[in-house]
Amino acid sequence: MSPDTDDWVKRALAGDRRSISRCVTLVENGGPEGRNVLREMRAKGKTALKIGITGPPGSGKSTLVNRLATSLAEQHKQVGIIAIDPSSPFTGGAILGDRVRMDASPQENNIFFRSMGSRGAVGGLSDACAGAVFVLEACGFDPILIETVGVGQAEIEIIRHSDIVVVVAVPGLGDDIQTIKAGIMEIGDLFVVNKCDLPGADRAAHELESTLHEKVPLVSAAEGTGIEELVSLIYEKAGDTRKRIEKGADSMECKKIDHIGIAVNSIEERLKFYEEILGLHLEGVETVEAQKVKTAFIPCGDSELELLESTADDGAVARFIEKNGEGIQHIALQVDDIEQALEELREKGVRLIDETPRIGAGGARIAFVHPKSTGGVLLELCERD
Ligand code: GDP
């Protein structure tokens with residue numbers, strides 16, 4: 001990473017607004033510097049609640065997002081807002097008049113606003129948004145409101161990654177209700193009718209309620225009514241998703257490719273290629289009786305290549321060579337806790353060859369996953385001390 005970028009990242013993480021903005025821009029632009037920023041930000045391992053807000057143009061999304069953000073900021077939360085407008089060529093800070101006004105509020109220090117149009121996002125809006133989310137999460141913003149017009153498939157794709165999606169409807173939508181039903185109905189977790197100060201709001205809410213079979217809250221973003229209740233409802237509903245995320249957080253972690261197993265007729269023969277031509281160095285040869293195989297480990301960067309030579313005709317490697325000839329026989333992923341990983345895979349209906357770990361070469365605890373569950377790859381899980 002260039003010293004400049006390193007500086008931006010440090011200052012962004014310390015809360016400097018301009019640096020945060022700069023980091024988002026770098027991530028949006030893609031390229032090596034953007035990827036470096038992203039890596040640093042992801043390494044912080046922070047996760048914020050992501051609230052997607054969508055609905056037809058004019059339904060009051062931006063007004064509502066302003067209200068929600070102000071209300072959340074009053075609760076001393078650091079709120080990130082990413083407003084996506086694919087039709088706008090502009091990307092950057094406060095462009096919309098509303099947002100400028102909002103920035104003048106006493107809560108301005110707790111709210112970070114970013115708009116995203118088509119021009120700034122070189123690699124596509126969806127990636128740009130995901131990148132911006134990582135930056136804001138790392139910089140301590142939680143929740144993050146992601147606002148987008150709920151019309152196109154691209155926007156639906158963007159918002160699908162939120163923990164909770166709020167769909168904003170308004171009275172008198174008529175045919176638009178049908179649009180909502182068709183497009184964003186299935187991704188909405190919470191539906192709200194805005195502009196309840198206008199006639200027909202109750203009817204719109206009832207109409208939605210009869211389809212959804214759940215209560216549809218009424219708010220007026222313009223007048224600021226029903227906002228606190230909506231914030232509570234969002235957190236209540238998001239609670240379930242949050243629990244799912246947290247459960248996911250301590251789920252199995254594949255740390256790296258531990259090694260790639262290559263079936264060979266003769267280790268001695270094949271070693272010549274790896275040592276003399278590729279310039280790699282053999283770490284050691286070991287026979288694993290239980291698996292009827294002789295293995296040679298050749299470190300390569302962070303991982304290793306494992307040459308496998310059969311020691312008996314009825315072993316797995318012998319059968320592999322008989323069927324396929326020499327070649328890649330398995331890929332091994334390193335995990336922290338192999339028992340937990342196996343338990344999790346079992347729960348998810350993955351077919352295992354080994355129900356419990358056994359001892360492989362180098363004393364590693366290993367277990368194989370059936371190729372039927374992995375798309376044709378014999379997968380080894382491997383836990384090392
Ligand atoms: P967006 O396109 O969905 O982001 O909608 P905006 O937030 O820009 O709002 C569109 C228009 O509706 C603006 O003129 C707002 O002032 C108005 N508006 C937003 N919320 C309300 C509301 O609760 N009541 C009324 N009467 N107007 C509203």
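**Confidence, sheet, helices and ligand shell**

In this predicted model, the chain has a mean pLDDT of 86, and 85% of its residues reach 70 or more. Among the elements of the chain, β11 has the highest mean pLDDT, at 97, while helix α5, covering residues 97-103, has the lowest, at 46. The pLDDT is below 50 over residues 94-98, a stretch with 11 contacts in the model beyond near neighbours in sequence. Where pLDDT is low, predicted coordinates should not be read in detail.

The chain contains an open sheet of eight strands with mixed pairing. The order of the strands is β8-β9-β10-β7-β11-β14-β13-β12. The edges are formed by β8 (284-288) and β12 (358-359). Each of these two strands has a single partner, so one side of each is left without a neighbour in the sheet. Strands β13 (residues 365-369) and β14 (residues 379-383) run antiparallel and are joined by five bridges. In this pair, phenylalanine 368 stands opposite glutamate 380 of β14. Helix α13, residues 338-347, packs on the sheet and touches β11, β13 and β14. The direction of α13 makes about 15° with that of β13.

A further helix, α12, spans residues 316-324 and lies across four strands of the chain, namely β7 (254-264), β9 (293-300), β10 (303-310) and β11 (327-335). Helix α12 runs at about 85° to β10. Alanine 318 is located in α12. With 18 other C-beta atoms within 10 Å, alanine 318 is partly exposed, because a residue counts as buried at 20 or more such atoms and as exposed at 12 or fewer. When neighbours within four places in sequence are left aside, the contacts of alanine 318 are with Ser310, Ala312 and Asp313. Valine 293 is 25 residues away from alanine 318 in sequence, and the two are 8.6 Å apart in space from C-alpha to C-alpha.

The ligand is surrounded by 15 residues, of which Gly60, Lys61, Ser62, Thr63 and Ala222 come nearest. Helix α4, covering residues 61-74, gives the most to this shell, with three residues. By character, the shell around the ligand consists of eight polar, four nonpolar and three charged residues.

Note on methods: Residues numbered from 1 in each chain as written. Predicted model: local features only at pLDDT ≥ 70, side-chain atom pairs only at ≥ 80, totals over all residues. Contact = placed C-beta atoms within 7 Å. Near = placed C-beta within 6 Å. Nonpolar A, V, L, I, M, F, W, Y, C, P; charged D, E, K, R; others polar. Pairing = 2+ DSSP bridges. Axes fitted to C-alpha atoms, helices over the stretch in contact; angles between N-to-C directions. pLDDT = per-residue confidence, 0-100.
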